Amino acid sequence: GEQDLLFSSDDTDVVVVKGNGTGGANWVLTGLAVGAGEANVTVSFSYKDYLKDYTDPTSSHVVKVEKSFKVVVNENKELQSFSIKKIGDLVFGEESIVVVSPSPSSAEFDVTKVSLVIKSDLGLSDDWTGTYTVTESADGQLNFSIKPLVPGAVKVMVYYDGELKSNEESRDVAVRLDLASGWQWRTLNYGSIESASMNDAFGGNSLIEVRSQSELLYNDSQIGYFGGLAENGLSQDMCYKIKMSNEVNSYLLENGSLIQGTEYGLNKGWTWLPNPYLYERSLSNLTGASSGDMIVSKGDGFAQFDGEAWEGSLTTLTPGEGYLYRTASEGGLISFANEFDLAPVTEDAGNARVRSLARRMDSRPWQYDASQWSDNMSMVAVADNIDGLADYSIGAYVNGECRGEGIVSGGRLFITVHGKVGEQVLPFSALAVKDNLFMEEHPG
């Protein structure tokens with residue numbers, strides 16, 4: 001006959017049940033343990049038996065059956081897995097927090113054996129896999145403070161005692177575009193800026209001008225951005241001279257490519273040379289230079305190749321910066337060693353910040369602001385009227401204003417002067433240096 005079923009729990013924080021119904025010959029009863037403790041589970045079953053009291057016309061013919069039993073749920077403290085609950089924006093070289101929880105939440109484990117791993121999808125060597133330990137543990141959650149070693153597509157995973165204990169979370173690591181006030185020579189070493197994104201990347205009216213070796217972009221107060229670069233955008237693998245009215249650092253370069261070793265064709269004369277590196281790298285990683293070749297930076301001096309090595313005030317290629325390269329050779333090539341065959345600079349992962357080009361050196365007499373000019377003049381000189389040349393610092397002046405300085409390297413003076421075409425550099429001054437103090441001046 002007609003049948004009714006009721007399945008209940010008196011503590012749903014311990015056991016949750018399903019399976020109530022009416023009619024039918026079979027039921028599926030489900031009980032789910034959701035917490036530690038005890039709960040009384042009751043099954044009530046009623047049906048009509050028309051053979052019962054069939055001679056009594058007032059009988060309901062209902063038969064009731066009720067059974068109760070106690071369920072004891074014990075707390076499981078054996079670690080099963082970890083789940084990644086939260087990942088902040090991943091930006092190359094910047095700190096982000098990843099929040100991880102154990103399953104079950106009551107699991108007992110050794111927090112020192114938990115590690116978070118970030119691995120590039122490009123299959124780079126283990127040197128480029130970031131491994132991080134717990135920085136904070138509270139309320140069943142583990143916090144990791146991370147700095148991704150490479151941009152691009154990565155997998156985020158949690159290991160316990162060397163064993164994978166989580167799903168692989170796919171994420172993309174971006175690179176922040178930092179632009180200083182004034183002129184700077186820049187390379188987009190990851191990602192490009194499309195025409196439609198110019199306003200976001202350059203902070204609207206903060207951009208004044210962009211130059212490549214063959215195209216221009218101007219920002220007009222009436223018509224906005226115009227010029228070849230405004231139409232075509234800025235490419236990842238180019239050197240640009242950029243002038244800003246103020247600092248901008250909110251734009252993230254995404255969906256770029258990691259350059260794994262590359263070479264660039266050189267013009268006879270000057271070539272605007274991009275720098276594909278993500279970390280500071282020695283000039284010794286450049287190959288293909290000819291004797292007499294010169295590489296010039298905006299604010300870190302320059303170097304000249306003597307046939308065997310680079311000599312000068314510039315020793316390091318800075319990520320995010322661009323360079324000017326001069327050669328007398330026809331159709332030469334300059335090659336950059338594959339960065340991913342080199343060791344990552346983990347102590348300052350992603351040193352992608354462009355340092356301010358404003359020079360404010362209170363402890364030195366050479367005070368000048370290189371960012372006020374788009375161009376440099378580089379000079380190699382010999383001073384034969386100063387004894388102990390290596391003990392001197394050289395300052396260069398234009399119309400009585402300090403515009404640059406030089407250092408002594410290999411017995412020669414490497415002097416960088418900031419200004420514009422046609423200006424005359426005069427005079428030079430040399431100051432003797434002893435214990436980092438300037439002792440004696442030799443006007444030139």
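# Exercises on a predicted model

Glu95 sits in the loop between strand E7 (81-87) and E8. The structure used throughout these exercises is a predicted model.

## Exercise 1. The surroundings of Glu95

Establish whether Glu95 is buried or exposed, and find which residues distant in sequence it contacts.

Solution.

Step 1. The relative accessibility of Glu95 is 57%. Exposed means over 50%, so Glu95 counts as exposed.

Step 2. With neighbours within four places in sequence set aside, Glu95 is in contact with Ser145, Ile146 and Lys147.

Step 3. For Ser145, there is a polar contact of 3.1 Å between its side chain and that of Glu95.

Step 4. A C-alpha to C-alpha check on Glu95 and Phe144 gives 9.8 Å in space for 49 residues in sequence.

## Exercise 2. The second largest cavity

Find how many cavities of 30 Å³ or more the structure has, then describe the lining of the second largest cavity.

Solution.

Step 1. Searching the whole structure yields two cavities of 30 Å³ or more. The second largest cavity holds about 40 Å³ of space.

Step 2. Its lining consists of Ile118, Lys119, Ser120, Trp128, Thr129, Gly130, Pro148, Leu149, Val150 and Val154.

Step 3. Sorted by residue class, the lining of the second largest cavity has six nonpolar residues, three polar and one charged. Gly is counted among the polar residues in this scheme.

Step 4. Sorted by element, strand E9 (residues 114-120) supplies the largest share of that lining, with three residues.

## Exercise 3. A lining residue examined

Take Ser120, one of the residues that line the second largest cavity, and determine whether Ser120 is buried or exposed and what Ser120 touches.

Solution.

Step 1. Ser120 belongs to strand E9.

Step 2. Its relative accessibility is 7%. Buried means under 20%, so Ser120 counts as buried.

Step 3. A polar atom of the Ser120 side chain lies 3.1 Å from the backbone nitrogen of Leu122.

Step 4. Not counting residues up to four places away in sequence, Ser120 touches Val150, Ala153 and Val154. Val150 and Val154 also appear in the lining of the second largest cavity.

## Exercise 4. A charged residue in a strand

Locate Lys241, decide whether Lys241 is buried or exposed, and identify the partner of its side chain in a polar contact.

Solution.

Step 1. Lys241 is part of strand E21 (residues 239-244).

Step 2. A relative accessible area of 5% makes Lys241 buried, because the limit for that class is under 20%.

Step 3. The side chain of Lys241 makes a polar contact of 2.5 Å with the side chain of Asp375.

Step 4. Beyond four places in sequence, the residues that Lys241 touches include Trp183, Trp185, Glu209, Arg211, Trp272 and Asp375.

## Exercise 5. Backbone geometry in loops

Find the omega of the peptide bond from Ser103 to Pro104, and then characterise phi at Asp161 and at Asn255.

Solution.

Step 1. From Ser103 to Pro104, omega is near -5 degrees and the peptide bond is cis. Pro104 lies in the loop between strand E8 (96-103) and E9.

Step 2. Asp161 is not a glycine, yet its phi is positive, at about 55 degrees. Its place is the loop between strand E13 (152-160) and strand E14 (163-164). With a relative accessible area of 54%, Asp161 is exposed.

Step 3. Asn255, also a residue other than glycine, has a positive phi near 55 degrees. The loop between strand E22 (248-253) and strand E23 (262-265) contains Asn255. Asn255 is exposed, at a relative accessible area of 72%.

## Exercise 6. The whole chain

Count the helices and strands of the protein chain, and state what share of its residues count as buried.

Solution.

Step 1. The protein chain has two helices and 40 strands.

Step 2. The chain has 444 residues, of which 45% count as buried. One buried example is Gly395, at 0% relative accessibility; Gly395 is in strand E36 (residues 392-398).

Step 3. Of the contacts with a separation of 6 or more, 66% join residues 24 or more positions apart.

Step 4. About 22900 Å² of the protein chain is accessible surface, and carbon and sulfur atoms make up 44% of that area.

Notes. Residues are numbered from 1 along each chain as its sequence is written. This is a predicted model: local features need pLDDT of at least 70, side-chain atom pairs count only at pLDDT 80 or more; totals for chains, interfaces and linings use all residues. Side-chain values use heavy atoms; hydrogens and water are left out. On a 1 Å grid over the protein atoms alone, a cavity is a set of points where a 1.4 Å probe fits but cannot get out, and a pocket is an open set with protein on both sides within 12 Å along at least five of seven lines; lining residues have an atom within 4 Å of a point. Grid points are joined across faces, edges and corners, and a volume is the space filled by probe spheres set on the points. Helices (H or I, at least four residues) and strands (E, at least two) are DSSP runs, numbered from the N terminus. Buried means under 20% relative accessible area, exposed over 50%, partly exposed in between (1.4 Å probe, protein chains only). A polar contact is a pair of N or O atoms within 3.5 Å; within protein, one must be able to donate a hydrogen and the other to accept it, and residues adjacent in sequence count only if both atoms are side-chain atoms. Contact means heavy atoms within 4.5 Å. Accessible areas come from the Shrake-Rupley method with a 1.4 Å probe; for residues, only the protein chains shown count as cover.
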